[in-house]
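Trainee: I've got a model open on my screen and I'd like to learn how to read it. Can you walk me through it?
Mentor: Sure, let's look at it together.

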Amino acid sequence: MWIAVMALVLLLVLGAGGALLFTEGERREARNLPIKSVNFQRLQDGTYIGEYAGGKYKWRANQVQVTVSGRKVTSIKLLAHAQNQSAASSDELFGRVIQSQSLQVDTISGATLTSKAYLKAIENALDAAQ
């Protein structure tokens, strides 16, 4: 019995290690995702769609709708996302962007990589707004 328990623990440890190695490329890519500084003063009024393809495994693929009015971002809506993230975390992140009128905001703790993916989609939408 003792040997079976030890074998099960070893199998779980090896499985977790393998999973971490398997996903390291995706996590590294998301950590290093550059978010450009967008000049919010140059934004043209309108509604813009931005997408981020999601990286190697498309786990963080998403699409946002950004509304600009009076040269300010007034609304950001998440239209589609591959990862099941709570609406509260994306709403908080979007609120930070709207309040600061910048993409250089703190990411959501516990959802850092997904936050960066959302910021990249917003950046892509705002590129069209300039």
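Trainee: How many bridges pair β2 and β3, and in which sense do the strands run?
Mentor: Keep in mind that this is a predicted model. Here β2 and β3 are joined by eight bridges, in the antiparallel sense. For one example, go to S69, whose bridge partner in β3 is K72.

Trainee: What does the hairpin of β2 and β3 have between the strands?
Mentor: Two residues, and G70 takes a positive phi near 65° in that hairpin.

Trainee: Okay, and over how many bridges do β1 and β2 pair?
Mentor: Seven, with β1 and β2 (residues 62-69) again in the antiparallel sense. You can follow the register by picking out partners: I49 is bridged to Q65 of β2, and E51 has Q63 of β2 as its bridge partner.

Trainee: So what is the order of the strands in the sheet?
Mentor: It's β1-β2-β3, three strands in an open sheet with antiparallel pairing. The edges are β1 (46-52) and β3 (72-81), each of which pairs on one side only. On average, neighbouring strands are turned by 20° against each other, ignoring direction.

Trainee: Which strands does α2 touch?
Mentor: Helix α2 (residues 87-100) packs on the sheet and touches β2 and β3, and its direction makes about 155° with that of β3. Then there's α3, which also packs on the sheet, touching β1, β2 and β3. The direction of α3 makes about 135° with that of β1.

Trainee: Is α3 mostly covered or mostly open, then?
Mentor: Mostly covered: 14 of the 18 residues in α3 are buried. As for its length, α3 (residues 112-129) reaches 26 Å from first C-alpha to last, close to the 26 Å expected at 1.5 Å a residue.

Trainee: How do I describe two helices that pack together?
Mentor: The general idea is that you give the angle between their axes and the distance between the axes. In this model, α2 and α3 pack at about 50°, with their axes 11 Å apart. That angle is why α2 counts as oblique to α3.

Trainee: Which residues make the contact?
Mentor: From α2, look for S90, L93, F94 and V97; from α3, S115, Y118, L119 and I122.

Trainee: And is the crossing of α2 and α3 left-handed or right-handed?
Mentor: Right-handed, for this α2 and α3 pair.

Methods: Residues numbered from 1 in each chain as written. Predicted model: local features only at pLDDT ≥ 70, side-chain atom pairs only at ≥ 80, totals over all residues. Heavy atoms only, no water. Helix = DSSP H or I, 4+ residues; strand = E, 2+ residues; numbered from the N terminus. Expected span 1.5 Å × (residues − 1). Buried < 20%, exposed > 50% of the residue type's maximum accessible area, 1.4 Å probe, protein only. Pairing = 2+ DSSP bridges. Axes fitted to C-alpha atoms, helices over the stretch in contact; angles between N-to-C directions. Contact = heavy atoms within 4.5 Å. Parallel < 35°, antiparallel > 145°, perpendicular 65-115°, else oblique. Left-handed = near helix turned anticlockwise from the far one by under 90°.
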